[in-house]
Amino acid sequence: GSFRIKLSLTAEPDITSNPTDIVLILDRSGSMAGSPLANLKNGAKKFIDIIDEATDSTADGQIGSGSHIGIVSFADTATQDTQLITSVADLKAAVDALSSGGSTNHEDAFTKALALFDPASANAKVMVMFTDGVTTAGGDPNTVSTAAKAQGVIIYSIGLSGNGGIDAQALRDWASD
């Protein structure tokens, strides 16, 4: 079956007066093949559009107000598909280029996402993980997600039903309170 999801986003504190660096962590493993990957791409691109408009009150193709978005995708290993950038077109192109296959290495995904942040930046730091949460490769992702949260990174986990179901407990463990 199919279902419709409506995303509504409000940021506290206000993202226009508090610049934020956001890393979207996108699961492109084999369990996301077919409609799960299509749903992930649609959700990620909609999220980018929401942030585009939220940062400067217009959908002008640029993330504004000093905020940035970066893309990390993962399967057997993770890839930094973009740096922290402001170009909506470049971000969406990185999302559209994803193809599924391989195992699911959440540990490497969190590690590569954390490496995108500039420790000297005063911007808030946020990770948004889009995944089914079923780890099948790599080490313990809890170690890296806990370290990221200890450094002040806020983590949101968005569960997408992959071909192996959703590990809701893992998503809760990784997410910030």
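This briefing walks through a helix pair, two nonpolar cores and several single residues. The model is predicted. Helix H1 runs antiparallel, roughly, to helix H2. H1 also gives the largest share of the largest nonpolar core, six residues.

**The H1–H2 pair**

- Two packed helices are described by the angle between their axes and the distance between the axes.
- Here the helices are H1, residues 35–56, and H2, residues 88–96.
- Their axes come within 10 Å and cross at roughly 170°.
- Angles over 145 degrees count as roughly antiparallel, so H1 is roughly antiparallel to H2.
- On the H1 side, the contact is made by Lys-41, Ala-44, Lys-45, Ile-48, Asp-49 and Asp-52.
- On the H2 side, Val-88, Leu-91, Lys-92, Val-95 and Asp-96 make the contact.
- The residues of this contact divide into five nonpolar and six charged, with no polar ones.

**Lys-92, a residue of that contact**

- Lys-92 is found in helix H2.
- Is Lys-92 buried, partly exposed or exposed? Its relative accessibility is 22%, so Lys-92 counts as partly exposed.
- Lys-92 and Lys-41 are 51 residues apart in sequence, yet their C-alpha atoms are 8.6 Å apart in space.
- Not counting residues up to four places away in sequence, Lys-92 touches Lys-45, Ile-48 and Asp-49.

**The nonpolar cores**

- The largest nonpolar core has 23 residues.
- Which of them touch the most other members? They are Ile-22, Leu-24, Leu-26, Leu-40, Ile-48, Ile-69 and Ile-71.
- Five elements give two or more residues to this core: strand E1 (20–27), H1, strand E2 (68–74), H2 and strand E4 (124–131).
- H1 supplies six residues, the largest share.
- Another core lies apart from this one and has 21 residues. Among them are Val-23, Leu-84, Leu-171 and Trp-174.

**Leu-26 and Leu-40, two members of the largest core**

- Leu-40 has its place in helix H1.
- Leu-40 has a relative accessible area of 0%, so it is buried.
- The C-alpha atoms of Leu-40 and Leu-26 are separated by 7.5 Å, with their positions 14 residues apart along the chain.
- Leaving aside neighbours within four places in sequence, Leu-40 is in contact with Leu-26, Asp-27, Met-32, Leu-98, Phe-130 and Leu-160.
- With the same neighbours rule, the contacts of Leu-26 are Leu-40, Ala-44, Ile-71, Val-72, Ser-73, Phe-74, Val-95, Leu-98 and Phe-130.

**Ser-73, a contact of Leu-26**

- Ser-73 lies in strand E2.
- Its relative accessibility is 0%, so Ser-73 counts as buried.
- Which side chain makes a polar contact with the side chain of Ser-73? The partner is Arg-28, at 2.7 Å.
- Beyond neighbours within four places in sequence, Ser-73 is in contact with Leu-26, Arg-28, Ala-78, Thr-79, Asp-81 and Leu-98.

**Ala-124 in strand E4**

- Ala-124 has its place in strand E4.
- At 34% relative accessibility, Ala-124 counts as partly exposed.
- Ala-124 and Ile-22 are 102 residues apart along the chain, but their C-alpha atoms are separated by 8.3 Å.
- Leaving aside neighbours within four places in sequence, Ala-124 is in contact with Pro-19, Thr-20 and Asp-21.

**Helix H3**

- H3 covers residues 106–116.
- Its buried residues are His-106, Asp-108, Ala-109, Phe-110, Ala-113, Leu-114 and Leu-116.
- At the start of H3, a side-chain oxygen of Asn-105 reaches to within 3.3 Å of the backbone nitrogen of Glu-107.

**Two serines with positive phi**

- Ser-57 is found in the loop between H1 and E2, and Ser-65 is found in the loop between H1 and E2 too.
- Ser-57 has a positive phi of about 60°, although it is not a glycine.
- Ser-65 has a positive phi near 60° and is likewise a residue other than glycine.
- Ser-57 counts as exposed, at 65% relative accessibility.
- Ser-65 counts as partly exposed, at 31% relative accessibility.

Key:
Residues are numbered from 1 along each chain as its sequence is written. This is a predicted model: local features need pLDDT of at least 70, side-chain atom pairs count only at pLDDT 80 or more; totals for chains, interfaces and linings use all residues. Side-chain values use heavy atoms; hydrogens and water are left out. Axes are lines fitted to C-alpha atoms, for helices over the stretch in contact, and angles run from 0 to 180 degrees between N-to-C directions. Helices (H or I, at least four residues) and strands (E, at least two) are DSSP runs, numbered from the N terminus. Angles under 35 degrees count as roughly parallel, over 145 as roughly antiparallel, 65 to 115 as roughly perpendicular and the rest as oblique. Contact means heavy atoms within 4.5 Å. Ala, Val, Leu, Ile, Met, Phe, Trp, Tyr, Cys and Pro count as nonpolar, Asp, Glu, Lys and Arg as charged, and the others, Gly among them, as polar. A nonpolar core is a set of buried Ala, Val, Leu, Ile, Met, Phe, Trp, Tyr and Cys residues joined through side-chain atoms within 4.5 Å. Buried means under 20% relative accessible area, exposed over 50%, partly exposed in between (1.4 Å probe, protein chains only). A polar contact is a pair of N or O atoms within 3.5 Å; within protein, one must be able to donate a hydrogen and the other to accept it, and residues adjacent in sequence count only if both atoms are side-chain atoms.
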